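Let's take a walk through this structure, starting at one of its pockets and then stepping back to the whole chain.

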Amino acid sequence: MIILMRPDATGDEVAQVVEKLGALGADVHISTEDGRTVVNGTTEVRLRDEAPWDAFPGVERVVPVVRGGRRVGRQNKSDNTVVVVGDVKIGDGPVKVIAGPCAVESREQLFATAVAVKTSGAHILRGDAFKPRTSPYSFQGLGKAALEIMAEARSTTGLPFVAEVLDPRDVDLVGSYADMLRVGTRNMSNHALLREVGRQPKPVQLKRGMAATIEEWIDAAEYIANEGNSDIVMVERGVRGFDNSVRNTLDISAVPLVKFLTHLPVMVDPSHAAGRKDLVLPLALAAVAAGADGVLVDVHPNPYEALVDGGQALLPHEFDALMSELRLVAAAVGRS
Ligand code: PEP
Ligand code: MN
């Protein structure tokens, strides 16, 4: 963090800032630029949040330096973290595809999807047991019965699976079935849940909060890593914008940025970003071209009857076409 003092800042005002930084354990460097004092403080703690710097007399501006976080930040680990889900590696180079329905609705629905996405080349199956619905009257998921169906589909297809966990009290239950846990956009700032998934051994997908900055998202990953679990895959799924022609605005810049700031793999969920199936293919292609380690795609054998998110789900043959196009784009940017 850099603090730019006003041109008329007094020696005492500079000293007050320097003293506070010192008390916080910062390494302080002072220089002069255009006759103004520049105080540069670096430390392991995020100084920006530790004091109301703008309110200190003589301070003109605080320039935050976005850092990747103590544990997940690139500055402490230059090689990429590869997250292993079942026998699938995410972040080792080749594009990985997670596909399946938003929610498990029945054994038939899940099996039809699982077999189809496996045939098309998906690497991991998705299908939730607990759904974070906006309305309490909407379908909430089948709970444990869904996890049992997912585990059965894993035995049949060989695909490991990921499922969302909404409640810290369900972490053990979901973790006892799933190969990977997902924290959804609505829970990115649920620190109790983040800590809980950080204390268990399964890898974690961390979706970006729909109104979260990159820095807040990385801090959320830091909560998980702090508990001992660094097997985290960051998932960009769009942020809320002003334009309602799409459900969320996919922030493609998050892909290279988070890969630059952290050592974690980054995936993209074009389905929940767009909220409409016609945009899923182009957004998925863009994600791969931008360097995403993989994509997460909603597929449903009968989207018109889906209990959740039918409007964004691809039919199995549409997913098959998406896989073919993804391979072409991956090859065009030197990936597989
Ligand atoms: C989901 O993947 O099913 C989901 C609910 O996504 P998000 O948390 O991104 O809305
Ligand atoms: Mn969904």
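In this predicted model, the second largest pocket has a lining of 21 residues. If you want to find its centre, look for Pro132, Arg186, Arg237, Arg247 and His272, which are the lining residues that lie nearest to that point. What sort of residues make up the lining of this pocket, nonpolar, polar or charged? The split is 10 charged, 7 polar and 4 nonpolar. As for the space inside, the volume of the second largest pocket comes to about 310 Å³.

Now zoom out to the domains. There's domain 1, covering 2-65, and domain 2, covering 83-332. Measure from centre to centre over the C-alpha atoms, and domain 1 and domain 2 sit 41 Å apart.

On to the secondary structure and the overall form. The protein has 14 strands along with 10 helices. Its radius of gyration is 22 Å, and the globule rule gives 20 Å for 336 residues; the two values are close, so the protein is as compact as a globular protein of that length. Put a box around the C-alpha atoms along the principal axes and you get roughly 75 × 45 × 40 Å.

How about the inside? Taking the 336 residues of the protein, 51% are counted as buried, that is, under 20% relative accessible area. Then there are the contacts: among those with a separation of 6 or more, 68% are between residues 24 or more positions apart.

Terms used: Residues numbered from 1 in each chain as written. Chains lettered and ligands numbered in written order. Predicted model: local features only at pLDDT ≥ 70, side-chain atom pairs only at ≥ 80, totals over all residues. Heavy atoms only, no water. 1 Å grid on protein atoms, 1.4 Å probe; cavity = no way out; pocket = protein on both sides within 12 Å on 5 of 7 lines; lining within 4 Å. Points joined across faces, edges and corners; volume = space filled by probe spheres on them. Nonpolar A, V, L, I, M, F, W, Y, C, P; charged D, E, K, R; others polar. Domains from an automatic or database assignment. Helix = DSSP H or I, 4+ residues; strand = E, 2+ residues; numbered from the N terminus. Rg over C-alpha atoms; globule rule 2.2 N^0.38 Å. Buried < 20%, exposed > 50% of the residue type's maximum accessible area, 1.4 Å probe, protein only. Contact = heavy atoms within 4.5 Å.
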